[in-house]
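Reader: Can you walk me through this one? I would like to start with how the chains meet.

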Number of protein chains: 2
Amino acid sequence: MEKVNIVEKLSLFSDYWNPRIVGELNGQQVKLVKFKGEFIWHHHEHEDEMFYVIDGEFTMELRDKNIHLSANEFFIVPRGVEHRPVAINEVSIMLFEPKETLNTGNKKSELTQENLKHI
Amino acid sequence: MEKVNIVEKLSLFSDYWNPRIVGELNGQQVKLVKFKGEFIWHHHEHEDEMFYVIDGEFTMELRDKNIHLSANEFFIVPRGVEHRPVAINEVSIMLFEPKETLNTGNKKSELTQENLKHI
């Protein structure tokens with residue numbers, strides 16, 4: 001039962017597309033992740049995913065539109081919806097999603113992170 | 001499927017202790033709330049609650065310690081744990097909790113908000 005400082009936690013890592021777990025509640029996890037570049041198209045069969053921008057900006061590409069997100073904005077990708085995050089510059093994100101959520105969803109690739117670290 | 005701007009949503013209301021719903025995912029809700037003053041002691045039987053500070057600061061009083069929280073910090077109050085938020089000045093908070101969560105938990109009072117607005 002300690003508070004979590006997001007800025008402090010973000011200073012602990014610098015790699016991209018590799019979420020860290022910073023909190024857990026009600027079967028959900030709070031994660032921090034840094035994006036830069038283009039991710040892969042994927043979807044999550046059973047999980048809705050929330051992306052909240054802490055610092056920077058990125059575009060969530062969907063098949064029928066793009067959502068551009070900046071600091072203090074969030075977007076919820078509903079389960080089943082294909083998406084691909086793209087960031088021209090580094091962006092820091094807070095994620096909320098069920099703890100079973102795999103970062104690449106239905107696609108296994110070299111970007112898949114199976115054992116996320118708690119920091 | 002639209003993005004949500006937290007700062008914009010916070011500008012839409014000014015009353016205290018009255019959470020607004022701004023998102024929903026996996027049976028959980030994302031809420032925004034402004035605190036000022038002292039709330040009541042209560043707990044939630046079945047829900048863990050996350051308090052993320054957007055702007056300002058407040059103290060989460062627990063029976064055995066106080067947690068002081070500022071912008072970019074969050075605290076998760078586990079189910080069953082008595083707590084009381086206290087804010088000397090106005091503070092803006094983002095909440096994550098199951099959609100069944102009542103703001104005053106096990107205590108019904110004039111502060112209880114039964115029908116939260118979606119904004």
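Author: What follows covers the contact between the chains, the strands in it, and one lysine; the model is predicted.

Reader: How many residues does each chain put into the contact?

Author: Chain A gives 21 residues and chain B gives 21 residues.

Reader: Which elements of chain B are on that side?

Author: Those giving two or more residues are strand 1 (4-5), helix 1 (6-10), strand 2 (20-25), strand 6 (66-70), strand 7 (73-77) and strand 8 (83-98) of chain B. The largest share, 4 residues, comes from strand 7 of chain B.

Reader: And what classes of residue are on the side of chain B that touches chain A?

Author: That side has 12 nonpolar residues, with 5 polar and 4 charged ones.

Reader: Back to strand 7 of chain B. Is it buried or exposed?

Author: Mostly covered: 4 of the 5 residues in strand 7 of chain B are buried.

Reader: What does strand 7 of chain B pair with in chain A?

Author: Strand 1 of chain A, residues 4-5, in the antiparallel sense and over 2 bridges. In that pairing Val4(A) stands opposite Phe74(B).

Reader: Which strand of chain B does strand 7 of chain B pair with?

Author: Strand 4 of chain B, residues 49-55, runs antiparallel to strand 7 of chain B, with 4 bridges joining them. Phe74(B) turns up there too, as the bridge partner of Tyr52(B).

Reader: Now strand 7 of chain A. Which strand of chain B does that pair with?

Author: Strand 1 of chain B, antiparallel, over 2 bridges. Glu73(A) has Asn5(B) as its bridge partner in strand 1 of chain B.

Reader: How are chain A and chain B related?

Author: Chain B superposes on chain A by a rotation of 180° with 0.0 Å of shift along the axis, at an RMSD of 0.0 Å. That is the relation of a two-fold axis.

Reader: Why say the copies meet through the same surface?

Author: Because 100% of the interface residues of chain B are also interface residues in chain A.

Reader: Change of topic. Where is Lys9(A)?

Author: Lys9(A) sits in helix 1 of chain A, which covers residues 6-10.

Reader: Why does Lys9(A) count as partly exposed?

Author: Because Lys9(A) has 19 C-beta neighbours inside 10 Å, and a residue needs 20 or more to be buried.

Reader: What does Lys9(A) touch beyond four places in sequence?

Author: Val4(A), Val22(A), Leu32(A) and Ile119(A), leaving out residues up to four places away. Ile119(A) is 110 residues from Lys9(A) in sequence, yet their C-alpha atoms are 7.1 Å apart.

Methods
Residues numbered from 1 in each chain as written. Chains lettered and ligands numbered in written order. Predicted model: local features only at pLDDT ≥ 70, side-chain atom pairs only at ≥ 80, totals over all residues. Contact = placed C-beta atoms within 7 Å. Nonpolar A, V, L, I, M, F, W, Y, C, P; charged D, E, K, R; others polar. Pairing = 2+ DSSP bridges. Buried ≥ 20, exposed ≤ 12 C-beta atoms within 10 Å, placed from the backbone. Least-squares fit on C-alpha atoms with pLDDT ≥ 70 in both.
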